[in-house]
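Subject: Structure for you to look at

Hello,

Here is the structure I promised to hand over. Please open it alongside this note, and then read what was found in it.

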Amino acid sequence: MPSQKNLQQVEMLKAKLDKAQSVAIVDYSGTSVNDQVKLRTSISEAGGEMLVAKNRLINVAVGEGKLSESLDGMNAIVFSYEDAVSALKKLFDFHKEEEKLTIKQGIMDDKVLSPAEVEALSKLPGREELISMLLNRLQSPATGLVNVLKAGQRDLVYALKAIAEKGA
């Protein structure tokens with residue numbers, strides 16, 4: 001019979017999994033407490049959360065057998081709430097900087113992702129980057145129109161300046 005504490009943790013994990021846009025399983029062995037605090041802080045600033053839980057509880061919360069190949073050793077689960085890539089970007093930034101983590105697997109939309117797929121997902125532009133790209137695309141036709149309308153005046157000024165320089 002499972003303990004009440006474990007049942008509560010499984011329910012909490014299920015709630016977090018439902019809320020998250022994407023999830024990554026990370027082996028954090030070899031990291032110091034300071035490294036973990038730094039990583040947790042950067043992930044939470046990006047709208048995510050890093051949580052350490054028992055492998056068995058993660059397995060039950062995710063679904064029996066979905067992540068069984070990556071649930072051995074010291075694992076943490078990283079949730080990305082705001083968008084699918086923001087917390088993963090911070091995770092991979094830390095991974096490249098410190099070289100202490102092992103990204104094992106991930107989940108997005110009930111699909112299990114390989115480590116390569118999780119890395120590819122982390123390289124996609126985040127929500128803020130996509131919004132700025134969209135605004136640039138929306139502004140570019142107006143900017144082009146303004147440049148075309150000014151071109152006649154600008155060309156006239158250049159022609160007059162060239163004539164003036166030639167006469168001098």
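**Where two helices cross**

The axes of α4 and α5 cross at roughly 110° and come within 8 Å. That makes α4 roughly perpendicular to α5, since angles of 65 to 115 degrees count that way. On the α4 side, the contact is made by Leu88, Lys89 and Phe92. On the α5 side, Val118, Glu119, Leu121 and Ser122 make it. By type, the residues of this contact are 4 nonpolar, 1 polar and 2 charged. Keep in mind that this is a predicted model.

**Helix α4**

How does the span of α4 compare with what its 13 residues should give? At 1.5 Å a residue, they should span 18 Å. The end C-alpha atoms of α4 are 19 Å apart, which agrees.

Which residues of α4 are buried? They are Ser86, Ala87, Leu88, Leu91, Phe92 and Phe94. An α-helix has 3.6 residues a turn, so residues three or four places apart point the same way. The buried residues of α4 pack against several elements. Among them are the strands β1, β2 (48–52), β3 and β4 (102–108). The helices α2 and α5 are also on that list. After α4 comes Glu99, and its phi is positive, near 55°.

**The nonpolar cores**

In soluble globular proteins, nonpolar side chains tend to be buried together. Here the largest nonpolar core has 20 residues. Those with the most contacts inside it are Ala24, Val26, Leu39, Val78, Leu91, Leu101 and Val118. Which elements give two or more residues to this core? They are β1 (22–27), α2 (33–45), β3 (75–80), α4 (86–98) and α5 (115–122). The largest share, 5 residues, comes from α4.

Another core lies apart from this one. It has 18 residues, including Leu17, Val23, Leu51 and Leu71.

Leu39 is worth a click, as one of the residues with the most contacts inside the largest core. Beyond four places in sequence, Leu39 touches Met50, Lys90, Leu91, Phe94 and Leu101.

**Helix α3**

Helix α3 covers residues 55–62 and is mostly covered itself, with 6 of its 8 residues buried. These are Asn55, Leu57, Ile58, Asn59, Ala61 and Val62. What covers them includes α1 (4–19), β1, β3 and β4. Next after α3 is Gly63, with a positive phi near 130°.

**Gln36, Gly48 and Glu82**

Gln36 sits in helix α2. Is Gln36 buried or exposed? Its relative accessibility is 17%, so Gln36 counts as buried, the cut-off being under 20%. Leaving aside neighbours within four places in sequence, Gln36 is in contact with Tyr28 and Thr31.

Gly48 belongs to strand β2. Gly48 is buried, and its relative accessible area is 10%. Outside four places in sequence, its contacts are Ile43, Phe79, Ser80, Tyr81 and Ala87. One of these, Ala87, is also among the buried residues of α4.

Now compare Gly48 with Glu82. These two are 34 residues apart along the chain, and their C-alpha atoms are separated by 7.1 Å. Glu82 lies in the loop between β3 and α4. Gly48 is buried, whereas Glu82 counts as exposed, at 59% relative accessibility. Not counting residues up to four places away, Glu82 touches Gln21, Ala46 and Gly47. Thr41 is 41 residues from Glu82 along the chain, with 15 Å between their C-alpha atoms.

**Helix α6**

Finish with α6, which takes in residues 127–167. Two of its residues are Arg154 and Asp155. Arg154 is partly exposed, with a relative accessible area of 34%. Asp155 is partly exposed too, at 47%. The C-alpha atoms of Arg154 and Met133 are separated by 29 Å, with their positions 21 residues apart along the chain. From Asp155 to Ile25 it is 60 Å, C-alpha to C-alpha, and the two are 130 residues apart in sequence.

Best wishes

Technical notes:
Residues are numbered from 1 along each chain as its sequence is written. This is a predicted model: local features need pLDDT of at least 70, side-chain atom pairs count only at pLDDT 80 or more; totals for chains, interfaces and linings use all residues. Side-chain values use heavy atoms; hydrogens and water are left out. A nonpolar core is a set of buried Ala, Val, Leu, Ile, Met, Phe, Trp, Tyr and Cys residues joined through side-chain atoms within 4.5 Å. Buried means under 20% relative accessible area, exposed over 50%, partly exposed in between (1.4 Å probe, protein chains only). Helices (H or I, at least four residues) and strands (E, at least two) are DSSP runs, numbered from the N terminus. Contact means heavy atoms within 4.5 Å. The expected span of a helix is 1.5 Å times one less than its number of residues. Axes are lines fitted to C-alpha atoms, for helices over the stretch in contact, and angles run from 0 to 180 degrees between N-to-C directions. Angles under 35 degrees count as roughly parallel, over 145 as roughly antiparallel, 65 to 115 as roughly perpendicular and the rest as oblique. Ala, Val, Leu, Ile, Met, Phe, Trp, Tyr, Cys and Pro count as nonpolar, Asp, Glu, Lys and Arg as charged, and the others, Gly among them, as polar.
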